[in-house]
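Ready to work through a few exercises with a structure open in front of you? Try each task yourself before you read the solution below it.

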Amino acid sequence: MLPSRFYGTANCIKPIPGDGSLSNDDSLSDSDDDVPLSRLRNQTRKKPIIILPSDSDTSDDEIVDPRPKNLKQKRAVKEKIIWTEGKMPAYDENNFNFSGSLELPEFAQELESPAELFQFFFTEDLITFITEQSNLKSTQVNVNKPANITTTEIEQFIGIVIFTSLVHLPSTRMYWSNNIGQHQVNSIMTCNKFEMIKRHLHFNNNEDFKPPGTQSHDKLFKIRPLIEKLRERLLLIPKEEYLAVDEQIIPTKARHQLKQYNPAKSHKWGYKNQVLSGVSGFSYDFDIFAGDQSNIFPSDAPDLGVSSNVVTRLTSTVPRNVNHKIFFDNWFNSIKLQVYLYKNGLLPLGTIRMNRVPNADMPTEKDLKKIGRGTMVEKIAIVDDVKLSLVSWYDNKVVNLLSAFVGSEPTSTKTRYFRKDKQYKDITSPQCVDVYNRHMGGVDLLDSLLGLYRIKIRSRQWYKKIFFHLVDMCAVNAWLLWRRKTDQYMSLFDFKLAISEHYCKAGKSISRKRGRPSISNPGTPTLSRGNTPTSSRTGTPTSRNESFTPRKRARKTPAKVQDLPLNSVRTDKIDHFPIHQKNRQLCQNDCSLRSHIKCEKCDVFLCLNEKRNCFREFHLVLRSCVSKALIDMNSDIKFTQSEFHTLDNFQKTLHIIKVTVEALCRRDATLLTADAAMKFMLRKLDSQNSTLSRLLARSLRVRISQRRLSIASTLQYLQNPETYFSEVATAEFLKTPEMVEEIYSLTQKFEDEPVVRVMDDLALDNSASSVSGDFESVDIAKELNKEIEKSLKEKNTNMRNRNETEDEANRDGGYGENDKHKLIQIEMALFENGGYRGFYLDMAYRHLLTILLLGRVLQN
């Protein structure tokens, strides 16, 4: 932008303090307070830098050389480009099929938890490097007072920083406030420790710094190692088919020469970061703008200018000749860039500024506006054996696009509102506009995800703002990688919260209050709940003459929602101490009982008594048991994370089947209880959300439909005909004549055999003797029993409303066989239309409820 538009009519600006060299900020306190105004007034003023006006067509962000050019210097003869009216061949995606690989590498597929995905980018080596550099900087500031920061403290610092992006407070110190402080923060680290780590946080050795003016001077010296290590990890992920190059702003108002002003962005002030992103928003590569030192390009690429060199630099790692599509806006696009990318096996498309397209002679915006919305003009040219398409399309304004692989054909229609006519109309849209709009918004999507939960901790040191931005970017990339490799949904908030919890607690000791424990003086009396002075030793009233009113019995404490910790926290075997609480809460180990015992680190209630030890079971999972068994066997076998995950799913799936089979094999099991147990098993398998459970549930449904007995089909029909026809429609179910014969045979057996009434409270025996010691089996068995009881209560509501005298009268009616068949058909028709079961249908239903699975039915 022109300096006069922002800085006023005077064509000069004041220099922004800080040139990338070492400053006194490194030794200052790193609090959130503002700089005093008196210090700003006493600063010496430097001579303004005069910026010469430029008539070139370059962008505002390009580096302009203020020195006058040598007019006698011979200019290079440019090849004249001839544009003609024509059409690019109609775009067909089948002609540009993507032949690259999107499969994640093996080491990335083994990552399961959010913390593991984040650690893929923020590796342990990087944490160790930050720890070493931070300790080195502390000794450079004051050799007599080293910080002695550990890797554990750096991890906890990162965990707290991520948590602050989820819960925003006006000041950092408020997280340790007594009134609005956050327990997830103040229980991990003290405020002074946090500010000390933040003050000494460093990423490069100051002794290696090269001052400005030297050949090796780097404006991003303080943050350069962190940038390079993160880029190495990002380049390991295979890239998507559609990639976009765009710029984003790291918001800040710090005083530094790298700060940019862009009024088109939501955050107008900040450091400019140029990003290569996919349609999903994943950042595959990035380059922080550092002025003239950023104008570099690959050794095998020509110098295409400041803006186009950004694209060649970021796309240098994109695989060639596999039909990757590259999108960028008009600040990057040029004819030379299009030709270079197309010759190197990449398909480019982007908007273009018309002053970068010579001899185009395209219609102006006024000419297109006269014709109306939806007007388009396309011209083609051949440059260095590459066919280019230039399309101008008028919607609300003119849009110009330049591409080497897609033109205006085939066109599509878009609906727009015309204010003049006050109605919606369809206008024509070129194909290049549709393709550009579908795939260009990757960087904007990344910005929106970063803006949801951004780290807003303030700092006087400019490079720490970039560090916080990179932490946010790694968290978002890890979340997008999670969505790419699994179908399990987790919100970005929960994902970052899981990362924060892992870094704060997993494998770490929780901080305890320093100093002696605060206890009351044994000699001073205290007050009980009834405000009666009591002795600290006996707890009885000090005065026997005073009347003592016993307090009323307190109501049962309502159950509170308890957040379960991560598996990496609950199984780290560090500082999991049981503490006794006054009020009981529900046990969180899939248990229905209440307990006074709470885990100090996990912050959940667990049973711990002579009968139940949920505390031990909660902190031991299959992985720990298998690892201990392998150690006891002196085995060299090592399971990966994915193999442990498969074993865990296999164990959970078989456990559900085990409980169901035990319910089916009981002596008092009936067809009704068996139907409820099978439905319970299938529903539980579906809820496991694993590949093994889904395949097993699908196979069981097929086998059940294939081997369903006629009496089972009849029972399901008599329970609910709508459910019967909807659930068994795909299988072979009994037709109406067959159903009539089956019901008729059941009524005959009912007349010959005694009737056993089934009561509403019929259920399985709750004593789980066969699974004694397995508390999880007991809990699932209880849940299964509740399902069976619910099924019995819902399906036996009509059995007590029958009149015995009416039954005897109807039974002695003396109907013939043909008449009985007709009556059964009539009752079936009424029953299917929403009526009650008739006499014969109810007789058959009561007979089915008396049949035992292990009785005479299986023998017959």
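**Exercise 1.** Work out how helices α6 and α8 are oriented to each other in this predicted model.

*Solution.* Start with the angle: α6 and α8 (residues 191-200) pack at about 100°, and their axes are 11 Å apart. Next, bring in the cut-off: anything from 65 to 115 degrees counts as roughly perpendicular. So α6 and α8 are roughly perpendicular to each other. Now look at who touches whom: E153, I154, F157, I160 and V161 of α6 meet K193, F194, I197 and K198 of α8. Sorted by class, that contact has six nonpolar, no polar and three charged residues.

**Exercise 2.** Do the same for α6 and α15: what is their orientation, and which residues meet?

*Solution.* First, find the helices: α6 covers residues 151-166 and α15 covers residues 462-485. Their axes come within 11 Å and cross at roughly 80°. That makes α6 and α15 roughly perpendicular to each other, too. On the α6 side you'll find F157, I158, V161, I162 and S165, and they meet F467, F468, V471 and D472 from α15. The class count here is seven nonpolar, one polar and one charged.

**Exercise 3.** Find the buried residues of helix α14 and say where they sit around its axis.

*Solution.* Helix α14 runs over residues 442-452, and its buried residues are G442, V443, L446, L449 and L450. Look down the axis of α14: these buried residues fall within an arc of 120°, so they line one face of the helix. A bit of background helps here: an α-helix has 3.6 residues a turn, so residues three or four places apart point the same way. What do the buried residues of α14 pack against? Their partners are β4 (242-251), β6 (269-278), β7 (283-288), α15 and α16 (492-505).

**Exercise 4.** How many disulfides does the model have, and why is C607 not bonded to C587?

*Solution.* Begin with the cut-off: two cysteine sulfurs must be within 2.5 Å. For C607, the closest cysteine sulfur is in C587, 3.8 Å away, which is too far for a bond. C614 also has its closest cysteine sulfur in C587, at 3.8 Å, again too far for a bond. The count comes to zero disulfides. While you're there, check accessibility: C607 is buried with a relative accessible area of 2%, and C614 is buried with 0%.

**Exercise 5.** What share of the protein chain is buried?

*Solution.* Of the 860 residues in the chain, 44% are buried. For the wider picture, the chain's secondary structure comes to 30 helices and 18 strands.

Definitions and conventions. Residues are numbered from 1 along each chain as its sequence is written. This is a predicted model: local features need pLDDT of at least 70, side-chain atom pairs count only at pLDDT 80 or more; totals for chains, interfaces and linings use all residues. Side-chain values use heavy atoms; hydrogens and water are left out. Axes are lines fitted to C-alpha atoms, for helices over the stretch in contact, and angles run from 0 to 180 degrees between N-to-C directions. Helices (H or I, at least four residues) and strands (E, at least two) are DSSP runs, numbered from the N terminus. Angles under 35 degrees count as roughly parallel, over 145 as roughly antiparallel, 65 to 115 as roughly perpendicular and the rest as oblique. Contact means heavy atoms within 4.5 Å. Ala, Val, Leu, Ile, Met, Phe, Trp, Tyr, Cys and Pro count as nonpolar, Asp, Glu, Lys and Arg as charged, and the others, Gly among them, as polar. Buried means under 20% relative accessible area, exposed over 50%, partly exposed in between (1.4 Å probe, protein chains only). The arc is that of the directions from the helix axis to the C-beta atoms.
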